[in-house]
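Colleague: I am new to this structure and should like to understand how its descriptive terms are justified. May I put some questions to you?

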Amino acid sequence: MSHTTFLGSGSAEQQKMLAEIGAKSFDDLFADVPAEFQTADFKIADGRSELEMLQVLRSLAAKNSTLTNFCGGGFYDHFIPAAVDALASRGEFFTAYTPYQPEASQGTLQAVYEYQTAIARLTDMEAANASLYDGGTALFEGLMMALRITGRNKVLVCEGVNPIYRTMLKCYTANLSIAYEEVPLVGGLADRAAFAGRLDKTVAAVLVQNPNFFGCLDDLSDLVASAHAVGALAVFSVYPMSLGMVQTPGAMGADVVTGEGQSLGLPLSFGGPYLGFMATRKQYVRKMPGRIVGATHDAQGRRGFVLTLQAREQHIRREKAMSNICTNEGLCALRATIYLALMGKEGFARCAYQCAARAAYAFDRLRAIPGVKATYADRHFFNEFAVTLPRDAGEVISALIERGIAAGFPVGRYYPGMQNVLLLACTEKRTKAEVDILAAHLESVLKG
Amino acid sequence: MQLIYEKSVAGRRAVRLPRRGDDARPKINAKLLRAQPAALPELSELDVVRHYTELSRRNFSVDTHFYPLGSCTMKYNPKACEVACALPGLSDLHPLWPQLRHGGLLTQGALQLLHETERLLSEICGMAEFTLQPLAGAHGELTGCMIMAAYHRDRGNQKTHILIPDSAHGTNPASAAIGGYDVRTVPSDAQGNMHLDALRAAVNSETAGLMMTCPSTLGLFVDHLQEIADIIHGVDGLMYYDGANLNAILGRVKPGKIGFDLCQLNLHKSFSTPHGGGGPGAGPVGVVEKLRPFLPISRVVKRGDGTFVLDYDAPKSIGYIAPFYGNFGVIVRAYAYLLMLGREGLRETSDAAVLNANYIQEKLRPLLKAVAPGRCMHECVFSGEPLKATGVHTLDLAKGLVDRGIHPPTIYFPLNVPEAIMIEPTESESRETLDTFVQTVTELVELAKRDPDALHRAPVTMPVGRLDEVAAAKNMDLVFKSTK
């Protein structure tokens, strides 16, 4: 008698099938597996029904807190229209695999082509791939791409790049012969003089982020030009929601643009699955990692879509491949595509504006609190900004959690000497009233 | 079918935002703004819903078609797992909260779920510990190679290369290369077994380890595993288990107890999380005790009082391979699946998967050339060579299946089988589905003899016929350029 509900055939049918192929038992089928390798000793509970499983999961979910969230740091609590879930959860998308048989996968393939188009249009670049794991691994892949294109092995990484991504870059470059150098910020922006002092013909790429980790916006065109002057590339990490209104990396001259697509219709989901995106200029497409979909036609001239330029990939090139990546984040890319289609040209721009306007309101409210000052008062920002508190930001955040608010992120965790700096973000979901409550509680905590 | 961009009509809208947000002006200087809005589509919600619903119908999928794609374990994805990962409290949890002071207390349920999943996978694989961080199978392989490198550095070993059988998945050598190792290929015989003499000749003091999958990509349990492990361990090398084919031995064999030191699992294969048209996956990595110090940061730790914390203090760790704790939404689905499967369900899964593959193998053995003389494991591999005389290739057979509503098996892999056809039915499929498949292949083999051109023309029932891949690579039309 079988216990699981996920088997195609019942026990009696299975016994008949065994008999038909001349096997006495299941053990017979495993005769090639040495007996000393086999075990029945698994200390695992009995299977549960769907009802019981959901009870367990609900009770775990209930152990997590619900707070009004002003914490961003590269990962944002945006609204997701219902149609995103309704469409992306269709089994025809959800339970398909990599479109190796293009005639039977035109749905997935066309959606990826539309996704690549959306990413190119957001970033003002000429081409995009079918997605990568997340913003951090996408930035690492951008770095590797720059090494391949230039044949050089040194990278200059701005300290405005998300510190979580920088720890990942250090981890990945540790086993490879790559000279990795970080360049500090000055006044919240990339330090031009420090870059100028390090830029020479050994540098493969400069890695920058806009808006940077502190939320500051920067026109990086001059830094990109300096990099190009010594034959280095400019690799960007960007926050896609900001591209609803801010200057594009393409307009600044970027060669490779990467980023975290979570804000485009993906839930926060405690860190994943997320969506790494990558865009580049046409001349570098053949050096780009990951899957790429291209338009073509059949013998009757009908337009269709296929995975293309596969000769770059691991299943053909093995250890000489551009990257070891096999899967992309197909379903996440589909969600982003549907999200952007629903938001549309005007809605996406308007959503970005609301994020920025709400953050501007929060900035004004918090800065008016005695003892609180803008960390970078002269800087422009999209939806996230830093304030310097009169005492340790971590302690203040703890006190505000007691009052039901996740007030932001303590910058000192990653930037020594900035223990009093609090980084906060607003999305279109945060209301004026919630900002007012945050301001009132912050003022009272600082007084107390 | 038109692209969403071709359907766009100026002025249409799908989403309405709240009437607010104008209470302060954004703090953005005009020169920091983009010149013009991104050219996204302008459509009503119904336009968008119709478009993507229609696109979805142009896909084969497990929910709609038999999908015996070898090496991919296209099993059914229970719907309850989708409900689980979308629960409020899980789907809306911010990943930075645990990094706030005492922040772990805000996410106890999530940390407990991660811890329990790690314990389940450790027990299933006979490993001491698991990390759930790797974001895909290949990412797990890379993590495994980095753990190997950290181990050897710590021991003062001078290691330069990793050994990989020629039948391995392409991700293995690619991951080893990105991990900083040279790759040396070990030849195998027609049954996919490694030549022991070739292995002995390839191994030296600079061998960091061996990456292999078991059952092999030919669907057969690897011979001489003990000898292989002894040879590798003899030079302080590490045995890496690629868990791509774990579904064959689930609940019966623990990789950690048969000589392997570390492994990656593909949650989107054996643990039933949806393939999503190519991701997201998850590739947790398990290790034996001696490799525990090298696991990525952070680690979920259960304290004496039953609460959970994240530990970032691991001086020997390879560091941060993912931004947070892995593809949490995928992990939740796998955990939900494992709760429902339970102890007895593990073995029932592999039993049924192996039975289904052997059933197909025996039914098709008279028609095509089976690689295995005897039993196979979870998948059966054939060569399409017997059809060669008719001028019909494996690719043509695959396209004929498409016309008959069956997703083709994996074809032309493994590379060492000419005209390879790799069939993995999984435990999910019923006897009728298998019989229909066998019947369809039988008819196609007959058709190949009678009218081979009919198969050369296939598919004819799909929205498009065979597509010009050479033109695609030459033209590089990767994004839509509006003519408006």
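Colleague: In what order do the seven strands of the open sheet in chain B lie?

Modeller: In this predicted model, the order is β1-β7-β6-β5-β4-β2-β3 in chain B, with mixed pairing. From one strand to the next, the twist averages 25 degrees.

Colleague: What makes β1 and β3 of chain B edge strands?

Modeller: Each of them, β1 (129–131) and β3, pairs on one side only.

Colleague: How do you know that β2 and β3 of chain B are paired?

Modeller: Pairing requires at least two bridges. Strand β2 (residues 161–165) and strand β3 (residues 182–186) of chain B are joined by five bridges, so they count as a pair, and they run parallel. Within β3(B), Thr185(B) is the bridge partner of Ile164(B).

Colleague: Why is the connection from β2(B) to β3(B) called right-handed?

Modeller: The chain passes from β2(B) through helix α6 (residues 171–178) of chain B to β3(B). This β-α-β crossover is called right-handed because, with the strands pointing away from the viewer, the path over the helix runs clockwise. Helix α6(B) also lies across β2, β3, β4 and β5 of chain B, at about 175 degrees to β2(B).

Colleague: What makes β5 and β6 of chain B a pair?

Modeller: Three bridges join β5 (residues 238–242) to β6 (residues 262–264) in chain B, and at least two are needed, so the two strands pair. They run parallel, and Tyr241(B) stands opposite Cys263(B) in β6(B).

Colleague: Which strands does helix α5 of chain B touch?

Modeller: Helix α5 (residues 137–155) packs on the sheet and touches β2, β4 (207–213), β5, β6 and β7 (285–287) of chain B.

Key: Residues numbered from 1 in each chain as written. Chains lettered and ligands numbered in written order. Predicted model: local features only at pLDDT ≥ 70, side-chain atom pairs only at ≥ 80, totals over all residues. Helix = DSSP H or I, 4+ residues; strand = E, 2+ residues; numbered from the N terminus. Axes fitted to C-alpha atoms, helices over the stretch in contact; angles between N-to-C directions. Contact = placed C-beta atoms within 7 Å.
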